[in-house]
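Me: I have a model open and would like to learn how to read its features one by one. Could you take me through them?

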Amino acid sequence: MTSVYIHIPFCERICFYCDFPKRVGKSDEIDLYLNALEKEVMMYEVKEKIDTLYIGGGTPSLLNINQLIRLKKIIDLFKINENYEFTIECNPEHLTDEKVKMFKNMGINRVSLGVQTFHQSLLSLLNRQHTKEMVYQAVHLLRKYGIENINMDLMFSIPNQKLDDVWNDISHIKQLDVPHISYYSLILEDKTVLKKMIKDNKIKLLDNEIEASMYHYILDELKALGYKHYEISNFSKEGFQSQHNQVYWQNKEYYGFGMGASGYIDNIRYYNEDRVNHYLEKLNKDMKPIKTRDLIKKDDKLKEALLLGLRLINGILIDDINNKYGVDIEAYFKKEFKYLIDKGFIKVSDRIKLTDTGLFYGNEVFEWFI
Amino acid sequence: MSQINYQELKKRQQRIRNFSIIAHIDHGKSTLADRILEETHSIESREMINQLLDSMDLERERGITIKLNAIELKYKAIDGEEYIFHLIDTPGHVDFTYEVSRSLAACEGAILVIDASQGIEAQTLANVYLALDNDLEILLFLNKIDLPSADIERVKHEIEDGIGLDASEAVEGSAKLGKGIDRILEQIVKLIPAPGGEPDAPLQALIFDSFFESYRGVIPTIRVVNGTIRKGDMIRLMSTGAEYEVNEVGVYTPKQVQREYLSAGDVGYIAASIKSIKKVHVGDTITNADRPASKPLPGYRRLNSMVYCGLYPVDAAKYNDLRDALEKLQLSDSSLVFEPETSQALGFGFRTGFLGLLHMDIVQERLEREFDLDLIATAPSVIYKIDLTDGTEITLENPTNMPDIQTVKEIREPYVRATIISPSEYVGPIMELCQRKRGAFIDMKYIEENRVNIHYDIPLSEIVYDFFDKLKSNTRGYASLDYELNGYKASNLVKMDILLNQEPIDALSVIVHRDFAYERGRLICRKLKEIIPRQQFEVPVQAAINGKVIARTNIKALRKNVLAKCYGGDVSRKKKLLEKQKEGKKRMKAVGSVEVPQEAFMAVLTVEE
């Protein structure tokens, strides 16, 4: 299985909660970037046929048609396997007939929509510019061109959000009936507008108790709507789990391209330059735009396997991990497992997985594996 | 060994001048000392100090000693004679008043530095009184006269009215610009008397400082008052009776320079393979074991701790490391005392006594920095004296050990006599503050038209708590404070217990005045709620007196703690976040069922914002 991530770091405006590598880009800068990206992809000479491709951002959907044509040229450098999954992240307001047709033309078969909420004033608070009508139009448009594999990113625990608002958002989910939902709780990251607003006492984070009750509610409601909860923040209808994200959670290797992207190849996790000029400069000098490389040794691999694998509701099959890494994982993490079992956070049978309680206290579990 | 010519020594004594520089903090003491070093041809030594200071740790390891506090300088005066100056530095903090007084006792004179724009401060006064106690000649140096805000006339007026010193001879200068240095040097020669004492009398040498060297042991800094001390002499420390053979005598220039002898009037060091600092007390007298003096020099007293706190390793396995570290520190700091104590909440640790709050901070910081220990310090407590109904008296260094209230007849607490100097416009707020802090008014004098000197007797525990901060904020930083211990008085005190999740936490117990118990209890509960992170269950926080709850709040439960996203590319970033969480927990102590961070144990010092 081979996977590729491509980062398009440009946005028209900055969402207040976002700490991903991004910048408000001008069109000519995007052109330069795509040239560099092409160079980077060519330097890697990926021989294998790829199974999953994910274009994330930033906001990839702000590329205009010409830029998408450039992007297609880059993607065409890869050999593609049958039954591949090819996802692009989109803002609802960016979708037009022309663009969706272009997506089809590029081979894109899955679209992840940044919805966050259907509540207008909360959208404004996050500095998002679409309306709920635009989400409906976007889903409609995708379906019109045969893209059924749609994810909606939603967010809860937004400042000022009420449980009723979550209820309302879920009723829209029911209405739209897309096969995949990522439902993230808002995480206050450093160096974000939101962080500053909180520091300046302009808004307040929701109480942890309310956040927890929202999460409870979401788990129950999405289950009732026929979604299977398969990762801490991810839900899907049968057969629609994200193939690309599984690669991450199963601690498999993948290529990452673009400014600020990271990859994991030949036991090395690498992190690309996260500033546009550094990224462009290195490629200008015919160097890979890598900022740091970490060799992942066996102990780290085991820890990462747990750190990531325990995010999956089904957890990790013990035989799988023992075979893959040549260990007895239960012996290796004896002390950790005992503590976490006693706390009621994990269960160990033929699998290791979070308990229902553990699901709410994942970080208390994960910290044992860093 | 060469025969000593006592006649020559007596003549040489006439050319010795021993003096200190005393000043309120920031009034320019070290700048003046610097200039004096420069002017007395000691530029080489001054450069050397800088060089040595730069590489101090290294030098210390190699056994090269730098001691800045008793430097021998040569000064060629206008009269054509060459004089021997001993510049004796003094610690500038109220915690170390006794050390200051002993340093001054080694001098015949002192230069009082006063900032010409600030005027007299509480510390200035305290220092002057110490100097007068030791019968020193006081020279005045009005510093920073170049500043636009300098008001020489006002300050002179303050000196004359406030301290009663004649300010007509005061040198007006600027240490920074090198102005007035020549005049003060000449005054040292002319006004400060040469030391007295007989070189051939039985030895009496005052220990006014000491420090520890790994290879040579304790090195006392001494002022010889009578007699002469040489290599090979058997000496006796008069308070402990311990005897040693002197294997080196010398002076600081500031580098250690060996001499054949130190004689009456001289200031220098001796080395005598003294292994334990516990034997060497500041203020003690050294005499010759074969020809002892009939009595020690006056003024010696054993230093007592003023405040105590509990020190515990965060990691219980580091208990022995902490003990080793305390023992090592004690080698160079005889005023540090400690003994093992056990806390239900914190496990095994040490009750540690300090001269004051600054001393406590210094020790804690050294333990953490130099010995790489993670510590939990409980809030400092003063020493209470308790009379029991059965007629016995006990001293209480740890609030948690307060005896059953039924058996207590009376609790007494230490008081200080506080000297506060402030612009007169703040008299109202200062008096209000002192009253609120249970102070008893003693007197108030105008030093000058707009400046007052106020005396209050205040419980030391209030000083430990927040008095100084409050004083500063109530006077916009203009008031200065000095204090000295002034006996014990009975007070209406009670022990307040703090309960987390219904369990009393011994390390959080605090002794408070009954009238303020309710307010303090509320504050502490509120602060603990802020500091203690949410647990997976709700934690009630309560303050109680004799089992009766007087304040309470709840730390709400943590219901959810899980990263929403953890994509592949995020691994390193998310790991950092989890590492931070983990790191934070390392600094927490599981107290019963509750994870409590270090700061919480200082929460009892919480004050109203």
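Me: Where is the place of Gly58(A) in chain A?

Reply: Gly58(A) sits in the loop that runs between strand 4 and helix 2 (65-75) of chain A. Keep in mind that this is a predicted model. The bond to look at is the one joining Gly57(A) and Gly58(A), a cis peptide bond with omega about 20 degrees.

Me: Which residue other than glycine has a positive phi, and where does it lie?

Reply: Asn251(A) has phi near 60 degrees, a positive value, and it is not a glycine. Asn251(A) belongs to the loop between helix 9 and strand 11 (255-257) of chain A.

Me: How should I read a sheet, and what is the order of the three strands 15, 16 and 17 in chain A?

Reply: In general, strands of a sheet pair through backbone hydrogen bonds, and the pairing is either parallel or antiparallel. Here the three strands of chain A make an open sheet in the order 15-17-16, with antiparallel pairing. Strand 15 (316-317) and strand 16 (346-348) of chain A are at the edges with a single partner strand each, so one side of each has no neighbour in the sheet. Strand 16 of chain A is joined to strand 17 (residues 351-354) of chain A by three bridges. To check the register, find Lys347(A), which stands opposite Lys353(A) in strand 17 of chain A.

Me: How many aromatic pairs are there over all chains?

Reply: The count is 28 aromatic pairs over all chains. One of them is Tyr5(A) with Tyr54(A), a stacked pair at 6.0 Å centre to centre and 20 degrees between the planes. Tyr5(A) is in strand 1 (residues 3-8) of chain A and Tyr54(A) in strand 4 (residues 49-57) of chain A, so the pair ties together parts 49 residues apart in sequence.

Me: And salt bridges: how many does the structure hold over all chains?

Reply: There are 59 salt bridges over all chains. An example is Asp274(A) with Lys291(A), where the closest N and O atoms are 3.5 Å apart; the cut-off for such a pair is 4 Å. This pair links distant parts of the chain, 17 residues apart: Asp274(A) is in the loop between strand 13 and helix 10 (276-284) of chain A, and Lys291(A) in strand 14 (residues 290-295) of chain A.

Me: Now the interface. How many residues does the contact take from chain A and from chain B?

Reply: Chain A gives 38 residues to the contact and chain B gives 29 residues. Between them the two chains bury about 3,400 Å², 49% of it on carbon and sulfur atoms. On the side of chain A, Asn363(A), Glu367(A) and Ile370(A) lose the most area to chain B, together 19% of what that side buries.

Me: Which polar features cross the interface of chain A and chain B?

Reply: Eight salt bridges are found across it, and 22 residue pairs are in polar contact between chain A and chain B. Glu364(A) and Lys585(B) form a salt bridge with the closest N and O atoms 2.6 Å apart.

Me: Which element of chain A gives the largest share of the side that touches chain B?

Reply: Helix 8 of chain A does, with five residues. That side divides into 19 nonpolar, seven polar and 12 charged residues.

Notes:
Residues are numbered from 1 along each chain as its sequence is written. Chains are lettered from A and ligands numbered from 1 in the order in which they are written. This is a predicted model: local features need pLDDT of at least 70, side-chain atom pairs count only at pLDDT 80 or more; totals for chains, interfaces and linings use all residues. Side-chain values use heavy atoms; hydrogens and water are left out. Contact means heavy atoms within 4.5 Å. Buried area is the accessible area (1.4 Å probe) that two parts lose on being put together, summed over both. A salt bridge is a side-chain nitrogen of Lys or Arg within 4 Å of a carboxyl oxygen of Asp or Glu. A polar contact is a pair of N or O atoms within 3.5 Å; within protein, one must be able to donate a hydrogen and the other to accept it, and residues adjacent in sequence count only if both atoms are side-chain atoms. Helices (H or I, at least four residues) and strands (E, at least two) are DSSP runs, numbered from the N terminus. Ala, Val, Leu, Ile, Met, Phe, Trp, Tyr, Cys and Pro count as nonpolar, Asp, Glu, Lys and Arg as charged, and the others, Gly among them, as polar. Two strands pair if DSSP finds at least two bridges between them. Rings of Phe, Tyr and Trp (its six-membered ring) pair if their centres lie within 6.5 Å; planes under 30 degrees apart count as stacked, over 60 as edge-to-face and the rest as tilted.
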